[in-house]
Amino acid sequence: MAVAGRGGRGGSGSGLMGIRSIMSYPIFVSVIFSLLFLAALKLLFTSPSYPSSSDPELPTTGNAYIHRSFLALKSDPLKTRLDLIHKQAHDHVMLVNAYAAYARKLKLDNSRQLKLYDELAQNFTDMISKPAYRAALFETEGTVDEDVLRQFEKEVKDKVKVARLMIAEAKESYDNQLKIQKLKDTIFAVHEQFLKAKKNGAIASYIAAKSVPKSLHCLAMRLVGERIAHPEKYKDEEPKPEFEDPTLYHYAIFSENVIAVSVVVNSVVKNAKEPWKHVFHVVTDRKIVAAMKVWFKMRPATGGAHVEVKAVEDFQFLNPSYVPVLRQLESAKSQTRDSENQAENATKDTKYLSMLSHLRFYLPEMYPDLHRIVLLDDDVVVQKDLTDLWNIDLDGKVNGAVETCFGSFHRYSQYLNFSHPLIRENFNPKACAWAYGMNIFDLDAWRREKCTEQYHYWQNLNEDHTLWQLGTLPAGLATFYLKTKTLDKSWHVLGLGYNPSVSMDEITNAAVIHFSGSMKPWLDIAMNQYKELWSKYVDNDMEFVQMCNFGL
């Protein structure tokens, strides 16, 4: 039994060994792979028929598309071309439908664009569904008709071209990035136009504000003509003792504008309780001094008030060796003006370096016998008696002025260059600025504090405009820093030359109103709501005012 069992196992083994003896291992592996390859080919070439190209569910990518393309190439090379054309048409139909769907989302159902999208998508569908094309291209079992294929291709390309043009036109409406860029371009263009208009407006405003009106020129000429015609009437008189009397109320007015100075004097006198105690020191340019003297000779201040008229040149100590501004003014005039910008800047420098503007820093030397003096600009109107100013305790300070700061506006940082180490070390950028126009100065304290020397120090350092740009206010802020007493705001209300929103209650309660800004009350560009506040003090009975047609 045992032998028989072993014999059976041995028989099976001998059969397998017989096969292996016939076929070696490498040959066996090759046969197996060959059989697998033949099975794969059979599966590939005996697959069921694929859907027609007109089927909307037709796969156009991946293995299925490769499979169809391979079969089409095997059966008919034109079918590959047909498939590509059909795919191109199908892709553009999808794109058009996508834009149409977005248009509907934006509620553009009634727009012409949406109708065009729908029509174009329908045209693609109708073209593919044409019986001639379906019969010759999509439902045929034989070869594709090349002539029909060419015609179909031409129609598809025409419609694709139309679709692309339509999408290109519509892309701007639907592409947010393009919308943003277009908006940025529009904002930039409008901003450029705004800057140009602003610059032109500023130039026009500057010309209107700084040019001498015809009426003012006429008045000055007629006054000078009067002096020439009647020299005996206008001989210079000896100075009155009242001009140096410290017990009276003294005012300093520095201006070239005859009519403006007359309004300031008239407004003070008409509102003064004791006008005979008020003394006005008017200083002007030598070209205007004759006209100014004739005016106050023909129309003396009422109520017994006293008016002294002088030219800048009458103060002999004001010379270039002593006054930094005069040296800088001569330097500005001697500079070569090679370009339009240099000429414009030189003109502005000359204006702001005008000695008439800087006389306010020499009050103690101009009026050595006085203890206090009120400085009035020529564009102010006085509405109340000002004698109480002389009774204000300035606490040892030099200057009494109304502050103009609110919030972060009108602080020292807006007038002085705090990037300069000298400015940064000596001043607080948050210090509150104050206004010129109506200031009470304690001349004794001025002399004690040596403010004129302080002014010279800072003005000499600022010859190249590195400490501040232009104007007398920054120089005043530097000179009278920590030496200014704040006055109640009702003493001095500003802004009537630029701000149309100044409260009428503020104006009514103010002792002095100031037409600060470019729209001066004697100009055509003055604001009508404020003009009457100034014009009611104009001496309209004066014959030359009538002849020169001020139009007030």
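Helices here are DSSP runs of at least four residues, numbered from the N terminus. With that numbering in hand, Ser215 can be placed in helix 9, which covers residues 214-229. The model is a predicted one, so everything below describes computed geometry.

First, the overall picture. The protein has 552 residues, and 42% of them count as buried. Its secondary structure comes to 22 helices and ten strands. Among contacts between residues at least 6 apart in sequence, 73% join residues at least 24 apart. The accessible surface adds up to about 30,900 Å², with 56% of that belonging to carbon and sulfur atoms.

Back to helix 9 and what sits around it. Ser215 is buried, because its relative accessible area is 12% and the cut-off for buried is under 20%. Leaving aside residues up to four places away in sequence, Ser215 touches Cys548, Asn549 and Phe550. One of those neighbours, Cys548, also takes part in a disulfide: its partner is Cys218, and the two sulfur atoms are 2.0 Å apart. What does this bond tie together? Cys218 lies in helix 9 while Cys548 lies in the segment after helix 22 (543-547), so the pair links parts that are 330 residues apart in sequence. The torsion about the S-S bond is about -75°, which makes this disulfide left-handed. Both ends are tucked away: Cys218 is buried at a relative accessible area of 18%, and Cys548 is buried at 7%.

The count of disulfides comes to two, and the other bond joins Cys405 to Cys432, with an S to S distance of 1.7 Å. Here Cys405 lies in the loop between strand 6 (399-401) and helix 16 (421-426), and Cys432 lies in the loop between helix 16 and strand 7 (438-442), so the parts tied together are 27 residues apart in sequence. With a torsion of about -105° about its S-S bond, the disulfide of Cys405 and Cys432 is left-handed. Both of these cysteines are buried. If the bonded cysteines are numbered in sequence order, the pairing reads 1-4, 2-3. Another cysteine, Cys451, has 0% relative accessibility and therefore counts as buried.

Helix 10 (residues 258-271) makes a nice check on helix geometry. How far apart should its ends be? At 1.5 Å a residue, its 14 residues should span 20 Å, and the end C-alpha atoms are indeed 20 Å apart, so the two values agree. Twelve of the 14 residues are buried, which means helix 10 is largely enclosed by the rest of the structure. The buried residues include Val258, Ile259, Ala260, Ser262, Asn266 and Val269. In an α-helix there are 3.6 residues a turn, so residues three or four places apart point the same way. At the start of helix 10, a side-chain oxygen of Asn257 comes within 3.3 Å of the backbone nitrogen of Ile259.

As for the strands, three of them form an open sheet in the order 5-10-9, with mixed pairing. Its edge strands are strand 5 (380-382) and strand 9 (492-493), each of which pairs on one side only. Strand 9 is joined by two bridges to strand 10 (residues 512-514), and these two strands run parallel. His492 has Val512, in strand 10, as its bridge partner.

A few loop residues are worth a look too. Asp395, in the loop between strand 5 and strand 6, has a positive phi of about 55° although it is not a glycine. Asp395 counts as partly exposed because its relative accessibility is 48%. His410 sits in the loop between strand 6 and helix 16 and likewise has a positive phi of about 55° without being a glycine. With a relative accessible area of 29%, His410 is partly exposed.

Finally, Gly304 lies in the loop between helix 11 (289-298) and strand 3 (306-311). Is Gly304 buried or partly exposed? Its relative accessible area is 37%, so Gly304 is partly exposed. Not counting residues up to four places away in sequence, Gly304 touches Pro275 and Trp276. The C-alpha atoms of Gly304 and Val279 are separated by 9.6 Å, and these residues are 25 apart along the chain.

Note on methods: Residues numbered from 1 in each chain as written. Predicted model: local features only at pLDDT ≥ 70, side-chain atom pairs only at ≥ 80, totals over all residues. Heavy atoms only, no water. Buried < 20%, exposed > 50% of the residue type's maximum accessible area, 1.4 Å probe, protein only. Contact = heavy atoms within 4.5 Å. Disulfide = S-S within 2.5 Å. Expected span 1.5 Å × (residues − 1). Polar contact = N/O pair within 3.5 Å; in protein donor to acceptor, adjacent residues only side chain to side chain. Areas by Shrake-Rupley, 256 points an atom, 1.4 Å probe, with all protein chains shown as cover. Pairing = 2+ DSSP bridges.
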